[in-house]
Amino acid sequence: MRISGTPKSVEKGSGKKDFIVRKAFRAYTLVIIGLLSVFIQGCGGDKESPDRVKPVSADPLPLAKPRGMVLIPAGEFQMGGHDREAEANELPVHTVYIDAFYMDKHEVTNSEFQKFILAKPNWQRGWIKDRFHDGRYLEHWNGNKYPRGYANHPVRYVSWYAAVAYARWAGKRLPTEAEWEYAARGGLQGKKYPWGDVPDTGKANYTSGNPGDTTPVGKYPSNGHGLHDMTGNVAEWCLDKYDKNFYSISPRENPLSGAENVNWFIGHFTRVETDRVVRDGYWHHSPKGLRISIRSPGSPSDCYGGGGFRCARTQ
Ligand SMILES: [Ca+2]
């Protein structure tokens with residue numbers, strides 16, 4: 001049976017019916033050959049191209065929601081001091097876009113930090129390297145024990161190095177300064193505090209005598225993102241290098257001072273020597289020191305009596 005040839009040759013050797021049948025059969029055959037070709041190419045492509053590898057996520061972290069953290073949605077906000085009390089280093093107010101990320105609901109507590117130093121003895125008081133602290137590291141602890149009754153209070157007297165080391169151990173990182181402010185605003189725009197513009201001792205732990213000490217994390221109401229103590233209780237370390245003029249040169253998207261991206265700090269943080277950003281006021285501060293936009297420098301070896309931290313995590 002002839003299955004090939006030009007339509008002209010078919011017309012010469014057969015009737016009209018035979019021609020139609022042969023034409024249909026030929027078209028059917030061509031379709032089958034085409035499908036087989038595509039199938040073979042699909043199966044053999046990966047084997048013949050060693051540079052074609054299965055895509056691997058750059059972020060090794062699982063997608064499941066981490067315990068004790070809140071997903072802060074991506075968005076844009078006006079970063080900086082909007083009010084008359086704003087210092088020069090809080091200006092200019094500028095637009096910043098932040099990718100979604102996770103943020104700890106609470107400041108890291110004494111009991112959480114104790115687990116870290118028991119797992120990593122080189123960060124215990126007796127073993128920490130001299131250059132990673134200023135002599136006051138965990139000075140209110142008795143060896144590896146925090147003060148009785150303070151398990152759920154924020155850890156303080158911790159250097160930036162120790163905070164970053166804790167975050168790495170926990171599979172997290174410190175927040176960037178911009179992430180911190182974006183999260184602290186809780187979805188509000190241009191306010192002094194996470195709840196508005198009027199100081200309120202019922203909403204944060206600040207000012208001497210009220211209550212004049214750290215309080216258990218989460219004692220005060222959360223902000224719009226479900227985060228507690230974003231103002232007050234203890235001040236908090238951020239990843240960034242402190243630059244008082246950074247707001248004048250800050251990139252619009254995911255700004256970070258002193259490194260190209262947050263991953264740089266993995267394996268490099270012990271090389272850091274320049275001042276880091278401290279955000280937030282602490283339990284002894286006045287309402288002015290508690291403003292969301294306030295920013296301060298701190299040597300990475302400083303261990304402040306009013307200074308602690310919380311962790312973030314890339315989504
Ligand atoms: Ca705080």
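Colleague: In this predicted model, which residue follows helix 4, and what is the sign of its phi?

Modeller: The residue after helix 4 is G171, and its phi is positive, near 75°.

Colleague: Is helix 4 itself mostly covered or mostly uncovered?

Modeller: Helix 4 spans residues 160-169, and 8 of its 10 residues are buried. Among them are W160, Y161, V164 and Y166. The elements covering these buried residues include helix 3 (110-119), strand 5 (235-241), strand 6 and strand 7.

Colleague: How should I read the sheet, and in what order do its strands stand?

Modeller: In general, the strands of a sheet pair through backbone hydrogen bonds, and they do so either parallel or antiparallel. Here, 4 strands form an open sheet with mixed pairing, in the order 7-6-5-8. Strand 7 (295-298) and strand 8 (307-308) stand at the edges; each has a single partner strand, so one side of each lacks a neighbour in the sheet.

Colleague: How many bridges join strand 6 to strand 7?

Modeller: Strand 6 (residues 276-279) runs antiparallel to strand 7, and 4 bridges join the two. One bridge pairs R279 with R295 of strand 7.

Colleague: Is V277 buried or exposed?

Modeller: A residue counts as buried if 20 or more other C-beta atoms lie within 10 Å of its own. V277, which is found in strand 6, has 26 such atoms within 10 Å and is therefore buried.

Colleague: Which residues does V277 touch?

Modeller: Leaving aside residues up to four places away in sequence, V277 touches E177, C238, D240, Y242 and R295. In addition, the C-alpha atoms of V277 and G298 are separated by 6.3 Å, although these residues are 21 residues apart along the chain.

How values were computed
Residues are numbered from 1 along each chain as its sequence is written. This is a predicted model: local features need pLDDT of at least 70, side-chain atom pairs count only at pLDDT 80 or more; totals for chains, interfaces and linings use all residues. Two strands pair if DSSP finds at least two bridges between them. A residue is buried if 20 or more other C-beta atoms lie within 10 Å of its own, exposed if 12 or fewer, and partly exposed in between; C-beta atoms are placed from the backbone. Two residues are in contact if their C-beta atoms, placed from the backbone, lie within 7 Å.
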